[in-house]
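Here's a walk through a structure, starting at a helix and working outwards. Have the coordinates open and follow along.

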Amino acid sequence: MLQKRISCPTSGEGDILDITSIIRDLVTGSEVKTGICSLFVSGSTAALTTIEYESGVLKDLIRALSILAPSDIAYAHDSRWGDGNGRSHVKASLVGPSLTIPVMDGDLVLGTWQQIVLIELDTRARRDRNVLVTIIGESNNSDL
Amino acid sequence: MLQKRISCPTSGEGDILDITSIIRDLVTGSEVKTGICSLFVSGSTAALTTIEYESGVLKDLIRALSILAPSDIAYAHDSRWGDGNGRSHVKASLVGPSLTIPVMDGDLVLGTWQQIVLIELDTRARRDRNVLVTIIGESNNSDL
Amino acid sequence: MLQKRISCPTSGEGDILDITSIIRDLVTGSEVKTGICSLFVSGSTAALTTIEYESGVLKDLIRALSILAPSDIAYAHDSRWGDGNGRSHVKASLVGPSLTIPVMDGDLVLGTWQQIVLIELDTRARRDRNVLVTIIGESNNSDL
């Protein structure tokens, strides 16, 4: 087992970071050959998922999230706290903070066009996000 | 490893329960210091995620879910079975039944404003929901 | 621990496969009695979740996904690559590629009306999807 915290500086609402290579390096550098790699972003206004890391589809994803939580409507969270980030919370909860990727033969199993991404949804200009990476498994290759 | 079933009584559609302290007590009471805590709600009309447990943003979340599955349109599920909870199934599937939180130094790793919530989406007045908690890991602190 | 790759042939956009019995057979055939079963679909245009496997609600789910990513609007992904599957990527990212189900007494813990499904979202007529199944746990029954 290996557990690491990685720090991901983001540059504002809608920023999407490809963290695949950072996670892959942790996996290949660990002793786990067969198992899972569990990822979690702490904080309630960011999320993790996979997507093809291509600027067009990243824009399409951000637009889809704005259908769920548009920027031009009132939020009860904002009326109450004046944070102005009600939409950020809603989007983050729907995408979700956790993601589990299998580890096989000491490497992540991902599709060719499938990257692991951290989505910054908060309205602040810059944040440092923490992603917790927990790799659990055996040091033997699987029998696949 | 520790596995427990917790029972969560809900009070109807849109009820959101903060289950963080129940889960945290299981984690701190277990022997696992480094690992993961995997949560799963059984049933197809409830879901798990994280959010800031603040009444305003909870309302905002419920409203966003109703954009995906409004209460004033017809559902094929309802036409067929007369259940009246087609929208509940749709929302539950999109949010998802599972969530994995890291365990570090014998405690859950969560953001300050990030609580673990069970969302009741069914249209019945009351239900008892079961959440399965599985804590997996080592009894040593991580080297973080 | 057991890790297997299962192959799931899909028949086009909106096809939803019930993979519960395949996963259940792997679980009951493994030596793990208490733990988790982690599922992951590789590829960026398919997703995993749970739902009641009933044709009406499956249609309702597909319609809800088309609210997030309609087929009659322009996608930056499509303008750039001409793939025509921008909507597929967006939907897949929002539902997500991973799912973790608890294993108790050597079996999956699911609600009666809760099945594990693979959702094909790509626009191609046929694909072979790979789902990675990783079962982690102990060979003792839990004390539940």
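## A helix with no way out

Start with H4(A): ten of its ten residues are buried, so this helix is largely enclosed by the rest of the structure. "Buried" here means 20 or more other C-beta atoms within 10 Å of a residue's own, "exposed" means 12 or fewer, and "partly exposed" covers what falls in between, with C-beta atoms placed from the backbone. Charged side chains don't escape the count, as the buried residues of H4(A) include A:Arg87 and A:Lys91 alongside A:Val90, A:Leu94 and A:Val95. Right after H4(A) comes A:Gly96, with a positive phi near 100°. Helices (H or I, at least four residues) and strands (E, at least two) are DSSP runs, numbered from the N terminus.

Some housekeeping: this is a predicted model, in which local features need pLDDT of at least 70 and side-chain atom pairs count only at pLDDT 80 or more, while totals for chains, interfaces and linings use all residues. Residues are numbered from 1 along each chain as its sequence is written, and chains are lettered from A and ligands numbered from 1 in the order in which they are written.

## Chain A at a glance

Chain A has four helices and eight strands, arranged along the sequence as β-β-α-β-β-α-α-α-β-β-β-β. Its C-alpha atoms fill a box of roughly 55 × 30 × 20 Å along the principal axes. Of the 144 residues in chain A, 56% are buried.

Contacts, for our purposes, are residue pairs whose C-beta atoms, placed from the backbone, lie within 7 Å. Take the contacts in chain A between residues at least 6 apart in sequence: 82% of them join residues at least 24 apart.

## Helix against helix, across chains

What does H4(A) pack on in chain B? Helix H4 (residues 86-95) of chain A meets helix H2 (residues 55-68) of chain B at an angle of about 60°, with the axes 9 Å apart. That makes H4(A) oblique to H2(B). Axes are lines fitted to C-alpha atoms, for helices over the stretch in contact, and angles run from 0 to 180 degrees between N-to-C directions. Under 35 degrees counts as roughly parallel, over 145 as roughly antiparallel, 65 to 115 as roughly perpendicular and the rest as oblique. The crossing of H4(A) and H2(B) is right-handed, meaning that the near helix is turned clockwise from the far one by less than a right angle, where anticlockwise would be left-handed. The contact uses A:Gly86, A:His89, A:Val90, A:Ser93 and A:Leu94 on one side, and B:Val57, B:Asp60, B:Leu61 and B:Ala64 on the other. An α-helix has 3.6 residues a turn, so residues three or four places apart point the same way.

Now look at chains B and C. Helix H4 (residues 86-95) of chain B and H2(C) also pack at about 60°, with axes 9 Å apart, and their crossing is right-handed. Here B:Gly86, B:His89, B:Val90, B:Ser93 and B:Leu94 meet C:Val57, C:Asp60, C:Leu61 and C:Ala64. The residues of this contact split into five nonpolar, three polar and one charged. Ala, Val, Leu, Ile, Met, Phe, Trp, Tyr, Cys and Pro count as nonpolar, Asp, Glu, Lys and Arg as charged, and the others, Gly among them, as polar.

## Chain C and its two neighbours

On the chain B side, 32 residues of chain C are in contact with 30 residues of chain B. H2(C) gives the most to that side of chain C, with seven residues. By class, the side divides into 16 nonpolar, eleven polar and five charged.

On the chain A side, 30 residues of chain C are in contact with 32 of chain A. This side of chain C has 13 nonpolar, 14 polar and three charged residues.

## The core, and two loops

A nonpolar core is a set of buried Ala, Val, Leu, Ile, Met, Phe, Trp, Tyr and Cys residues joined through C-beta atoms within 7 Å. The largest one has 126 residues, and A:Cys37, B:Cys37 and C:Cys37 touch the most other members. Partners of C:Cys37 include C:Ile23, C:Val27, C:Ile101 and C:Val133.

Buried or exposed: which is A:Ser44? A:Ser44 sits in the loop between strand S3 (34-42) and strand S4 (46-51) of chain A, and it is buried, with 27 other C-beta atoms within 10 Å. Beyond residues up to four places away in sequence, A:Ser44 touches A:His89 and A:Ala92 as well as chain B residues, including B:Thr50, B:Glu52 and B:Trp113. A:Thr112, in the loop between strand S6 (107-108) and strand S7 (115-120) of chain A, is exposed, with 9 other C-beta atoms within 10 Å. A:Thr112 and A:Glu52 are 60 residues apart in sequence and 8.6 Å apart in space, C-alpha to C-alpha.
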